[in-house]
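Got your viewer open and a fresh selection ready? Let's walk through this model together, one stop at a time.

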Amino acid sequence: MTELFELYKRNFPFVVREERKVLDILGDPDNRILEKRNADGALNGACVVHKNTVYMLCVDREYRGCGIGSDLLRQAEAFIRDAGYEDVSVGAGDTYLAPGVPTSCPVCTEEDYAGRGVEQLYGGLTDGAAEFFRKRGYVHSWGNCDCFDMRFPLTEFVSDGHSVGDTVDGITYRFASAEDITEIKKCTDDAHENFTKYYLDTSKYDGSNGERVLIAVDAADGTTVCGTLIVCAETEGKGLGSVGCTTVRHDYRGRHIAVNMVRIGTGYLKEIGLTDAYLGYTYTGLDRLYGYSGYKICTYYMMAKKQL
Ligand SMILES: CC(C)(COP(=O)(O)OP(=O)(O)OC[C@H]1O[C@@H](n2cnc3c(N)ncnc32)[C@H](O)[C@@H]1OP(=O)(O)O)[C@@H](O)C(=O)NCCC(=O)NCCS
């Protein structure tokens, strides 16, 4: 497992995922792991398959261009076909290491991310891996919608003067405690039910693991939770904070409640001394929401899929 984890770290330097989570995913006993080794017996390429998802395909840089990746992918596709599936996805399935294939190229031709100042790609990121999959029949499965991660250095964060505890335009922004879970659930069920499970985890409310829940409460009644945001400190790396699972109840949307939660949550990450802020696995349109706080797209993902 250590060898496979080291191979992953060498080949996916840009992917932000908790180490514990990565080890759990790589170690799932239901995975099929295809390996390539060099003459000394060291692991230099691997493909990790789970059901009909390729969680990871990589070949160490110095061994690329010799057909190792093509051979691993052929074997993976044959295995998936033999298991009775009609298609294969790269990246996200039951869970994910990266949501898709990291690439420097967006698919939305009408979006001008760079022109709007919300793109600052990781140095060295190319379209090479996506091109590898395109040549082998894979297509982006999200239509004309991009998937991407965003981040930015917190030294560049500019506060609008509001912080945790403040009331802005009739909405109070504060950290939640376990007593708020019932109201939080009403909000997330209304906004996006798939996110509710993340908010039911009580460790987010007792300060035990660096994760906290920022809520937006209607100051008129003091109870209605109209927005939620998960704010994490150093769960995915030293000096790195993140925000995610943003929700706003339908009847409160369009009032910049999400924009304010992200800005206040990000300000908190700076206040506690973190150096970078990050958010993963988001999509076209939300670059605008997160862009208000300064987040910039650092990598795109080709959500690669192929009919077998
Ligand atoms: C995304 C969500 C939190 C936005 O809430 P909101 O209160 O409407 O957002 P805000 O009013 O603060 O502003 C959002 C900004 O992003 C823009 N935006 C672009 N695409 C958007 C989209 N698909 N959804 C919402 N806002 C979008 C808005 O136009 C607005 O910018 P503007 O004022 O310059 O026009 C809300 O739609 C929601 O709960 N969705 C379901 C959960 C989800 O998908 N969360 C995001 C993934 S983490």
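The tour goes from a sheet to a pocket and ends at the ligand. Keep in mind along the way that this is a predicted model.

**Stop one: the sheet**

Show the cartoon and pick out the open sheet built from 6 strands, ordered β1-β2-β3-β4-β15-β6. Its pairing is mixed. To find the borders, select residues 32–37 for β1 and 139–140 for β6; these are the edge strands, and each pairs on one side only.

Now select residues 87–90, which make up β4, together with 304–307, which make up β15. How do these two strands pair, parallel or antiparallel? The sense is antiparallel, over 3 bridges. For a single pair to label, take Ser89: its bridge partner in β15 is Lys305.

**Stop two: the second largest pocket**

Keep β3 from the sheet in view and turn on a surface. The second largest pocket has a volume of about 910 Å³, and 35 residues line it. A good way to centre the view is to select Leu57, Val59, Arg64, Gly128 and Ala129, the lining residues that lie nearest the pocket's centre.

Next, colour the elements that each give two or more residues to this lining: α1 (2–11), β3 (53–59), α3 (68–82), β5 (101–103) and α4 (128–135). Which of them gives the largest share? That is β3, with 6 residues. If you recolour the lining by class, you should find 20 nonpolar, 10 polar and 5 charged residues.

**Stop three: the ligand**

Select the ligand and expand to its surroundings, where 21 residues gather. Show Thr246, Val248, His256, Arg288 and Tyr292 as sticks, since these come nearest.

Then draw some distances to the backbone:

- Gly254: one of its polar backbone atoms is 3.0 Å from an oxygen atom of the ligand.
- Ile257: a backbone N or O atom lies 3.4 Å from a ligand oxygen atom.
- Gly285: here a backbone N or O atom lies 3.4 Å from a nitrogen atom of the ligand.

How much of the ligand does the protein bury? Taken alone, the ligand exposes 900 Å², and the protein buries 75% of that. To see which elements surround the ligand, colour α5 (181–192), β12 (240–248), α7 (257–271) and α8 (286–291); each gives two or more residues to the shell. By class, the shell divides into 12 nonpolar, 6 polar and 3 charged residues.

Note on methods: Residues numbered from 1 in each chain as written. Predicted model: local features only at pLDDT ≥ 70, side-chain atom pairs only at ≥ 80, totals over all residues. Heavy atoms only, no water. Pairing = 2+ DSSP bridges. Helix = DSSP H or I, 4+ residues; strand = E, 2+ residues; numbered from the N terminus. 1 Å grid on protein atoms, 1.4 Å probe; cavity = no way out; pocket = protein on both sides within 12 Å on 5 of 7 lines; lining within 4 Å. Points joined across faces, edges and corners; volume = space filled by probe spheres on them. Nonpolar A, V, L, I, M, F, W, Y, C, P; charged D, E, K, R; others polar. Near = heavy atom within 4 Å. Polar contact = N/O pair within 3.5 Å; in protein donor to acceptor, adjacent residues only side chain to side chain. Areas by Shrake-Rupley, 256 points an atom, 1.4 Å probe, with all protein chains shown as cover.
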